[in-house]
Amino acid sequence: MSAVPKPLPQITPEMAPFWEAARRHELMVQRCRGCGTRRFPARELCSRCLSRDAGWERVSGHGQVFSFAIMHQVYHPAFADAVPYAIVVVELEEGARVLSNLVDCPTADVAIGLPVEVVFEDVAPDVTLPKFRPRRAAA
Amino acid sequence: MPADPLRGAAAIVGLGITPQGKVFHTGALGFAVDAVKLALDDAGLAREDIDGLLLNPGLAWADLGMGSFQLQQAMGLRNLRLSATMNLGGATACAMIQHASQAIAAGLATTVVCVFSDMPLKPPAPKGDRASAASAYGFARGWEQAYGFFGVNAMYALVARRHMHRYGTSQDHLGAVAVGQRRWATLNPAAQLRDQPLTLDDYHRSRWIVEPFHLFDCCLVSNGGLAVIVTGAERARNLRRPPVYLWGMGQGHLGGDPADTLTSGAVLAREPAFRMAEITLRDVDVVELYDCYTFTVIVTLEDYGFCAKGEGGPFAAEQVTGPGGRVAVNTGGGQLASFYMWGMTPVSEAVIQLRGDGGARQVPRHDVALVSGNGGILSTHSTLILSRLPS
Ligand SMILES: [Zn+2]
């Protein structure tokens, strides 16, 4: 274990519904009420139709790795024991792209197109991080 | 079609480069002042000759407010007719020179100094710090830090990985850019890595920073300052050094997600720049491309048309861009191996080459140079076409 705790996400009012959903182990993304586009992270307005009207919608948590990077350099002492670890951009089945970590997968096996599913990591009494792992065979 | 009135209207007449790299004797403002002084000396001009000041503030300027005014006051400049603090990231240097030449052509100013300076590196800590020596570029933002997503390296890595997936760009291709530019750097006495030759094997053995980037895929980080002085073509002919004329210019800012486009703004900027310059790519002798990463060079080569889209990797791997090659690219070693002054690094090397001051790395034919600037994550782009010939 690192002596230094990993930083918690800075929770802005805009992103609060995402983190509240994560605490309930649900994945939610924002959806524009003007044109229906799903987006992540939260934004004040839709860059497609410029509407400010948006809500939050639960999504399946299923998707594919759109891109990834393996972090080797230690930029924060709390991650000294975690490197190397995978940053992934997951393209959800519903369309939005979410930045997260891929867990339960050797870094050498991470690949674009890999089917993944969301998992929830409770990192503090009131903070849960949605992460992804390779999708297991359909139940 | 009549020539564009901006073609050849202005020239770079002064170049000032402070000590670069791990230098700590002053701050961002001090480096800017020193760079301007060096550029004035180089041009044979006095402070009083400057009537325009454009500043690209590096990260260390963040809290200094109106940077160009701070710099004006710090060096006692009076009666400016043009002043601006500009930030398009790495595309700013070429953009500043564009605006300077436009103001000069419009009669709004006569002699404009364009400056970049920064101090992202802090003096070495007394004891070994567990966290890397990572500079101000290893930042974390908001919620992403919880996932260990830090810094520009990781942001570019996500885009590079898409390019590798879509076009088959390989680790060897990235390495070829690093090797080619290091060969140039060994010929440049001012390059930070001049004494460290690099083979492809060395490249592969170098540590990972953020996969797919090895250490030598990433640019250096440098403290320092760099200034150029732009004036009208007429006045340029009567100064100390050979003028470097502005033949063409353009900008291109694509917007959207670079992981989708995998393209720089060069695809927009190149057409107006080459049209104004009245040349084609075949007329270019010296190519100075913005190289925050090896990957950026590959994309930029594609987007100016040196090869087809997606073939930048194989093109670089032919090793035609190093010393003695078919296309002279980043002839001072670039930001990967010489020094990192954002867009001023490629601008300064173009000036050196066109003046014939390149020493051991001088490109034999050096009439025309193409210079690119790139900011953000392939977010902003600017182009200059420069020549030692007036027209
Ligand atoms: Zn919309």
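Analyst: A donor is an N, O or S atom within 2.8 Å of the metal. With that cut-off in place, the zinc site of this predicted model can be described.

User: What makes the protein donors of the zinc ion count as such?

Analyst: The SG atoms of A:Cys32, A:Cys35, A:Cys46 and A:Cys49 lie 2.3 Å from the zinc ion. They are S atoms and they fall within 2.8 Å, so they count as donors. Along the chain, the donors follow the spacing C-x2-C-x10-C-x2-C.

User: Why is the site of the zinc ion called tetrahedral?

Analyst: The angles among its four donor atoms run from 96 to 115 degrees. Four donors count as tetrahedral if all angles lie between 85 and 135 degrees, and this range satisfies that condition, so the site is tetrahedral.

User: Why is A:Cys46 called buried, and why is A:Cys49 called partly exposed?

Analyst: A:Cys46 has 3% relative accessibility, which is under 20%, so the term is buried. A:Cys49 has 33% relative accessibility; partly exposed covers values between 20% and 50%, so A:Cys49 belongs there.

User: How do you know that strand 1 of chain A pairs with strand 3 of chain A?

Analyst: Five bridges join strand 1 (residues 28-32) to strand 3 of chain A, and the two run antiparallel. A pair needs at least two bridges, so the strands pair. One of the contacts sets A:Gln30 against its bridge partner A:Trp56 in strand 3. In the open sheet of three strands, the order is 2-1-3. Its edge strands are strand 2 (38-39) and strand 3 (54-58) of chain A, each pairing on one side only.

User: Why is strand 5 of chain A described as largely enclosed?

Analyst: Seven of the eight residues of strand 5 (residues 85-92) of chain A are buried, so the rest of the structure largely encloses this strand. Eight bridges join strand 4 (residues 62-71) of chain A to strand 5, where A:Ala69 stands opposite A:Ile87. Strand 5 is also joined to strand 6 (residues 97-102) of chain A by six bridges, with A:Leu102 as the bridge partner of A:Ala86. Both connections are antiparallel.

User: What lies between strand 5 and strand 6 of chain A in their hairpin?

Analyst: Four residues lie between the two strands, and A:Gly95 in the turn has a positive phi of about 120 degrees.

User: What makes the lining of the largest cavity free of charged residues?

Analyst: Asp, Glu, Lys and Arg count as charged, and the lining has six nonpolar, three polar and no charged residues. Among the lining residues are B:Ala176, B:Gly180, B:Gln181, B:Leu301 and B:Thr321. Helix 5 of chain B supplies the largest share, four residues. The cavity holds about 60 Å³ of space.

User: Which residues lie nearest the centre of the second largest pocket, and how is its lining divided by class?

Analyst: A:Phe40, A:Pro41, A:Arg43, A:Arg97 and B:Asp257 lie nearest its centre, out of 37 lining residues. By class, the lining has 18 nonpolar, nine polar and ten charged residues. A:Arg43, A:Arg97 and B:Asp257 line this pocket; Asp and Arg count as charged, so these residues belong to that class. The largest share of the lining, four residues, comes from helix 8 of chain B, and the pocket holds about 1100 Å³ of space.

Note on methods:
Residues are numbered from 1 along each chain as its sequence is written. Chains are lettered from A and ligands numbered from 1 in the order in which they are written. This is a predicted model: local features need pLDDT of at least 70, side-chain atom pairs count only at pLDDT 80 or more; totals for chains, interfaces and linings use all residues. Side-chain values use heavy atoms; hydrogens and water are left out. On a 1 Å grid over the protein atoms alone, a cavity is a set of points where a 1.4 Å probe fits but cannot get out, and a pocket is an open set with protein on both sides within 12 Å along at least five of seven lines; lining residues have an atom within 4 Å of a point. Grid points are joined across faces, edges and corners, and a volume is the space filled by probe spheres set on the points. Donors are N, O and S atoms within 2.8 Å of the metal (3.2 Å for Na, K and Ca); water is not among the atoms, so sites may look incomplete. Four donors count as tetrahedral if all angles lie between 85 and 135 degrees; four count as square planar and six as octahedral if opposite donors are over 155 degrees apart and all others between 65 and 115; anything else is irregular. Buried means under 20% relative accessible area, exposed over 50%, partly exposed in between (1.4 Å probe, protein chains only).
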